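I opened this notebook to look up internal spaces first, and then the packing around them. The entries below follow the order in which I went through the structure.

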Amino acid sequence: MRFLLIILLLNTWTPLLLAQKKKESRQHPDRKEFVAADKTYETAIKTVLLYPYTGQVADYLQAAIVPLSQPYPLLLSFDDLKEDIDDYYVKIIHCNADWSKSSLSEIQYLYEYNEFFITERQNSINAFVPYIHYKFYLPKVKISGNYVVKVYRDYDEEDIILSKRFMVFENVNNSVIINTDIKFARTVSERDKSQQVDFSISYGQLNLVNPAATVKVVIRQNHRWDKAIYNLPPMFVKEHESILEYNYFNMENAFKGGNEFNAFDISSLITYRLNVGKIIPQPNLYEVILLPDISRGTQSYSLFPDIDGKFWIEHYESGEREYSPDYVLVNFVLNVPRQNGDIYVRGSMNDWLMNEQSLMIYNEEIKKYTGRMLLKQGYYNYLYTLVNSTSPYGNDEYFSGSHSQTQNVYDIMVYYRAPGERADLLIGYSSVNFMKRN
């Protein structure tokens, strides 16, 4: 009788204890270290996008930067690969030019209390891999500068799921004018491989105190923070003309031209589209094997229009881009001999990260490198990066080659901090599409 009583108590209390344990684990998640960068903190969070929303289909491809007047909002969207809806909250953080947190209080840069609930949530439709699609329009801010949007679960800021950078620029009375002159590199040995970003800043009637020290400039290529040049001092300061000149002779402002990106199209799982070699229906998802890539490191430049390393979400049959596209297991194949080092497949699709998920493995059986990634249906750009003792931070050009004719987007950010102020303000911005083809 005592034995039966114990069994009865266990059957009664065990579900309650498990539920309590689950609740406690949610209340005390594993510690996640926040960084002011584009990052996902859980593997179930996919396809994070932040862009100015104007209602155009090409909005996806725009950088997350808007004027202070914000005539159109920034839209944050992402997927959570599960069937149950979570309560997610958003916090906005103001940062300096180097992405360190500024000393401003929240009331100095926001009009509202700094915690926003994401209300727009939609279950996927007819997807083999179920997910919840979340959308949030960022609020207007009071001042310019660098910002990070931080998303977390159930009021718990330590249970962070993603962070994403964006920028807000101001141009007081159109006083800051950035004149750019992008060209092939001046250095003879790099002339066929690199591009040089010369520019000048005219600040008109703005009273910039000691601009050589208080103005900071950042240049980046194809909206990549890992391809950015920080803290360029002006070569010439013409204070009587209110002009700062940034024209260098030793490659300080030069970038490798790289090559047009590799691409594939998985917007349809019914028809074979760009660079898809095989579509394999599995019990719980679709698997796609891409056509093998080869090294282009020693080949001549060949024009192939790309989207500068970004991706475009689309379900081809329906034209819907949010909750109809499915998630597909994409197999990358690189046909090169075994290398002395590690190879990673990268793009905006994985925030250009080099980690375990993006690592390519050499397959002895087929004598090729292979890698896998779960991606939402759409059109993708990507490249392969070699990391070894010669290139510890990665060589994007080893397999793709580098050419000064390559089309690239460059943007220039101009920051200023007046003496005694507590933050860097973004007072000027310019974007140039070099070698753009119509």
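Entry 1, the second largest cavity. I began here and found 13 residues in the lining, with Leu 49, Tyr 60, Ser 77, His 133 and Arg 321 lying nearest the centre of this cavity. I then looked up which elements give two or more residues to that lining, and they are strand S2 (45–52), strand S4 (74–80) and strand S8 (132–137). The space in this second largest cavity comes to about 70 Å³, and its lining divides by class into 5 nonpolar, 3 polar and 5 charged residues. I note for all entries that the model is a predicted one.

Entry 2, the whole search and the largest cavity. Searching the whole structure, I have 3 cavities of 30 Å³ or more, and the largest of them has a volume of about 190 Å³. Its lining holds 23 residues, and those nearest the centre are Asn 259, Phe 261, Leu 383, Asp 396 and Ser 400. By class I count 7 nonpolar, 8 polar and 8 charged residues in the lining of the largest cavity. At least two lining residues come from each of strand S14 (224–230), strand S26 (378–387) and helix H4 (397–400).

Entry 3, a residue of strand S26. I next turned to Thr 385, which is found in strand S26. Is Thr 385 buried or exposed? The computed relative accessible area is 0%, and because buried means under 20%, I record Thr 385 as buried. The side chain of Thr 385 makes a polar contact of 3.1 Å with the side chain of Arg 346. Leaving out residues up to four places away in sequence, I find that Thr 385 touches Asp 342, Ile 343, Tyr 344, Arg 346, Met 354, Gly 394, Asn 395 and Asp 396. Asp 396 in that list was already noted among the residues nearest the centre of the largest cavity.

Entry 4, nonpolar cores. The largest nonpolar core has 36 residues, of which Phe 264, Phe 332, Ile 343, Met 349 and Tyr 384 touch the most other members. Strand S26 gives the most to this core, with 5 residues. I followed Ile 343 further and, again not counting residues up to four places away in sequence, listed its contacts, which include Leu 334, Val 336, Leu 359, Tyr 369, Tyr 384, Thr 385 and Phe 399. Apart from the largest core lies another, of 29 residues, and I noted Phe 78, Val 141, Val 151 and Ala 423 among them.

How values were computed:
Residues are numbered from 1 along each chain as its sequence is written. This is a predicted model: local features need pLDDT of at least 70, side-chain atom pairs count only at pLDDT 80 or more; totals for chains, interfaces and linings use all residues. Side-chain values use heavy atoms; hydrogens and water are left out. On a 1 Å grid over the protein atoms alone, a cavity is a set of points where a 1.4 Å probe fits but cannot get out, and a pocket is an open set with protein on both sides within 12 Å along at least five of seven lines; lining residues have an atom within 4 Å of a point. Grid points are joined across faces, edges and corners, and a volume is the space filled by probe spheres set on the points. Helices (H or I, at least four residues) and strands (E, at least two) are DSSP runs, numbered from the N terminus. Ala, Val, Leu, Ile, Met, Phe, Trp, Tyr, Cys and Pro count as nonpolar, Asp, Glu, Lys and Arg as charged, and the others, Gly among them, as polar. Buried means under 20% relative accessible area, exposed over 50%, partly exposed in between (1.4 Å probe, protein chains only). A polar contact is a pair of N or O atoms within 3.5 Å; within protein, one must be able to donate a hydrogen and the other to accept it, and residues adjacent in sequence count only if both atoms are side-chain atoms. Contact means heavy atoms within 4.5 Å. A nonpolar core is a set of buried Ala, Val, Leu, Ile, Met, Phe, Trp, Tyr and Cys residues joined through side-chain atoms within 4.5 Å.
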